[in-house]
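Colleague: Could you pick out one part of this model and take me through its surroundings, slowly? I work at the bench, so please explain your terms as you go.

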Amino acid sequence: MTSSDAQVSHPRYIRTSKLDRLQGVVRLLQDETTSVRTCGEVTQITPGYYGISGLDKHVCIGDCVELDVKRAHGRGPARAEIIRIDEGKVYAKPYSQHLDVGIGTRVFCMGPVQLNPDSSWTGRVIDALGRPIDGRGMLVPGREQVALESDPPPAMERALIDKPVRTGVRAVDLFTPLCVGQRIGVFAGSGVGKSTLLAMFAKALDFEIVVVALVGERGREVREFIEGTLGDALKKSIVVVATGDESPMMRRQAPKTAMAIAEFFRDQGKSVLMIMDSATRFAQAARDVAMASGEPAVARGFTPSVFSELPRLLERAGPGIQPDSADQPCGAITGIFAVLVDGDDHNDPVADSIRGILDGHIVLDRAIADQGRYPAINVLSSVSRMANKAWSKNETQLIMKLKGMIARFEETRDLRLLGGYTKGLDPDLDHALTLIPRIYDILCQAPYDSLSQSEVQDPFRALSDALTAQEAAKG
């Protein structure tokens, strides 16, 4: 029996007529041939997207297509993503802004973008499509393929958050402590020390893997952050970069790429720190893509889909699925998301939406930065919703008392500057005037400051020792 006879007699294609058997062979060849790709062509070109005919029956929203052109700048093939589908035509927004596309340019279906992460990626810098940009050669593809768009673990199957983590940042470990699997936002205006604080978090010793997404950053700041601020922490980090001059598609894709990589390591049972700078620029890129697809703006120029994309992305961070056995490691993604507040307005729609999604927020105050106190954390405005999992009963009482003293100290600042208070009239305020400046001095911390292991693991003991040392020095 020949190979053709064997194919025709395949059980899937047994027919009563020769024509049916021939059609069965054709279908079998179509199933088994991987080199054939569905092709369409460009019929419309606008500054924001391309109209393509011939693909409306073969693609879905979010699928990637390849344009048969040479790129003027950049790396790899020219790609675009399907953002809208009409009858007879689809609309694709390109990942690159420098494409020599004309009417009639051929377009090939590629399906959704997928990655093959591997543990050898640590220490590498990649772009939003998973391609290396650090000049150190190609990445080693892993065996497992992951999608950039995935659902978070089911709510009733997720492990509980109950393990505190020490970041090494004194102000955070004392007043807004984090737990493994928690998601917290760093809310700040421009130039208040947000990126430096994120780099300090990346040096925390309690995490096995650090995934950093730099979204919309200035080009000059990328190497400064990686080589200068991040430093030795790069050895256990994977950095995904989409600079501000790249297309909205790349800036929208970078956080999803970083989250997919973090999920890969979480599913291996590892403790992952996911840092994104910033979620606001991701929202702005998502807005640009949504408006190109014809979606109207509803809140300060932002489209409705932005406020549905944010929780879909941020909810993917957190603890993984509870393992069946206590011996099996339970991976978790601890998420720290920077939120750039325009004009220091912490109530703009994006910041307000993110604040409601996350498990806490750290507020950086420009007035504190102007006083030269870094990190410029406003401990009164900052909240960690997992603090009860990290503090003991005595620590909770101490922090509440300290916050009360700080509030009293700050609310009487103008009165004291005007000479309206006489020492001795209020013993509690007198105590605050003595203690709070010392605490402020202790909370000041430079990114290159190295803390001992005991100081990191027991910040309350370190605070007590520092206050005692200050008292002795003044005495």
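Modeller: Happily! Let's start with Arg-124, which is buried, at a relative accessible area of 7% (buried is under 20%, exposed over 50%, partly exposed in between, with a 1.4 Å probe and protein chains only). This is a predicted model, so local features need pLDDT of at least 70 and side-chain atom pairs pLDDT 80 or more, while totals for chains, interfaces and linings use all residues. Residues are numbered from 1 along each chain as its sequence is written, and side-chain values use heavy atoms, without hydrogens or water.

Arg-124 sits in a loop, with strand S7 (114-115) on one side of it in sequence and strand S8 (125-127) on the other (strands are DSSP E runs of at least two residues, helices H or I runs of at least four, numbered from the N terminus). Setting aside neighbours within four places in sequence, Arg-124 has contacts with Pro-132, Asp-134, Arg-136, Gly-137, Met-138 and Leu-139, and also with Ser-237, Ile-238 and Val-239 (contact is heavy atoms within 4.5 Å).

Val-239 is a good one to follow. Not counting residues up to four places away in sequence, Val-239 touches Arg-124 itself, along with Val-125, Ile-126, Val-212, Leu-214, Ile-226, Leu-230 and Leu-234. Val-239 also belongs to the largest nonpolar core, which has 61 residues (buried Ala, Val, Leu, Ile, Met, Phe, Trp, Tyr and Cys joined through side-chain atoms within 4.5 Å). Together with Phe-201, Ile-275 and Ile-336, Val-239 is among the residues with the most contacts inside that core. Helix H14 (residues 427-443) contributes the most to this core, namely 7 residues.

There is also a second, separate core of 56 residues, and Val-113, Leu-129, Phe-265 and Val-350 are included in it. Val-350 leads us to a helix pair: helix H8 (residues 306-314) packs with helix H9 (residues 349-357) at an angle of about 35°, their axes being 10 Å apart (lines fitted to C-alpha atoms over the stretch in contact, with angles from 0 to 180 degrees between N-to-C directions). From H9, Val-350 makes the contact along with Pro-349, Ser-353, Ile-354 and Ile-357; H8 brings Phe-307, Leu-310, Pro-311 and Leu-314. By class, this contact of H8 with H9 has 8 nonpolar residues, 1 polar and no charged ones.

For a contrast with Arg-124, look at Ala-473 in helix H16 (residues 459-474): Ala-473 is exposed, with 68% relative accessibility.

Notes. Nonpolar A, V, L, I, M, F, W, Y, C, P; charged D, E, K, R; others polar.
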